[in-house]
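User: I am new to this structure. Please walk me through it in short steps.

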Amino acid sequence: MSQSIIAKHRLLVVGTTLADLARQAMPQAAVEAVALDALDALSIRRAVADLVLIDADTGETGRLRQLIEALGQMPNAPAVLLAGSQFPGGIARALFKLERADVLDAPFTAEELVISVTVLLAPGAAPALPRSQCWSVMSAVGGAGATTLAIEMATRLATCAPRAMVGLIDLNLADGAAAAYLGAKPAMDLTEAAIAPDRMDAALLSAFATRVSGGFDLFAARRDPTAFTRHSPTAVCRLLEVACQTYDWLVVDMPRARHPWSIDVLAGSDEVLIVSELTVPALLAARALTDEIEAELNDEALPKIVLNRLAKRTFGPGPSQAEAEKALGRKVDGVITSDWEAAACSANLGGPISHHRPRSRIVRDVAALVDGLALKRAANAAKADRSVA
């Protein structure tokens, strides 16, 4: 069945290293191979192909991005399959704009290649990039910057995937700051859901949403010092359940203090990010918190550590990234460069840093973090789907 579907289509392989495997795996398809550096805007527009298979390991991120953007601008854009062991973060935005796209994580077999191509070429094929992703962000110590990071991550996702629904949920129910940072009015009230969690549905969820300038929906509650005692774990988990059914991407700003529902939320998250400053107490707290979460989740969603406010200077009193990783006992998964002026300006004006200071190093570093997580998640999901098939 797979070969019969593929036989009706023409494949353009960008990157000569994949050409032989493509011809071997799909002998009935019309396969044409071309080197990445041989393509220009004119030849891309003239290319006749139903699917473009791109070697992601060329190392030429700029040319890869230009190629994918050019393919997306074609009147009848072909499906795109990005294959390789490295997925440069800079191409995520272009890839998310395509109607039909998938990623294939190396190493892969000829059979896995055939399955991926078949899914994209099947009649009525929908976009293969995974949906309903939930990322939770949590500070290791107070003031580490989790709320700022959550806002910028949601903004980046909304920018990269303009057709997707993106939401940010502030679960700091007693004194959350996301609404204030965004200059928005909080509209979430879990009182009714706490009394009868089954009443929480898409309509009630919509009433809780506040559209903000970052291009996403914010779910934030008014300040209430008794909120954590009044709202049951069932109500919070039901909120997340309905939100995951409604939104393509969710970013959850988690409170640092542990609550009865905290582990349930983390266990249901696709990614858990622990945010730490570069101070010895913060690094020790991040290590302890990460160990605690890993012990309780049993590999369900292993946390990643993000270092925030990394100093630009080479010399200074704070730990370097290498020293921080030594204290943590592991490699960090992301680094956000310090830019106090941009962060303060955005907080005072209300809105994401990317709107008020788009050239800030914070914006650049968050983009790299989000794009890398999104592409890696897409690769893992696609690989899981192929194993089931």
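Analyst: Helices (H or I, at least four residues) and strands (E, at least two) are DSSP runs, numbered from the N terminus. This is a predicted model: local features need pLDDT of at least 70, side-chain atom pairs count only at pLDDT 80 or more, and totals for chains, interfaces and linings use all residues. Residues are numbered from 1 along each chain as its sequence is written, and side-chain values use heavy atoms, with hydrogens and water left out.

User: Where does P107 lie?

Analyst: A cis peptide bond joins A106 and P107, with omega about 0°. P107 itself lies in the loop between β5 (101-105) and α6 (110-121).

User: Which strand holds R309?

Analyst: R309 is not a glycine, yet it has a positive phi of about 65°. Its strand is β12.

User: Are α14 and α15 parallel or oblique to each other?

Analyst: The axes of α14 (residues 280-297) and α15 (residues 321-328) come within 9 Å and cross at roughly 45°. Axes are lines fitted to C-alpha atoms, for helices over the stretch in contact, and angles run from 0 to 180 degrees between N-to-C directions. Angles under 35 degrees count as roughly parallel, over 145 as roughly antiparallel, 65 to 115 as roughly perpendicular and the rest as oblique. The crossing therefore makes α14 oblique to α15.

User: Which residues of α15 meet α14?

Analyst: Contact means heavy atoms within 4.5 Å. From α14 come L283, A286 and R287; they meet, in α15, A324, K326, A327 and L328.

User: Which helix supplies the largest share of the lining of the largest pocket?

Analyst: A pocket is an open set of points on a 1 Å grid over the protein atoms alone, where a 1.4 Å probe fits, with protein on both sides within 12 Å along at least five of seven lines; lining residues have an atom within 4 Å of a point. β12 (304-310) and α18 (361-388) are among the elements that each supply at least two lining residues. The largest share, six residues, comes from α7.
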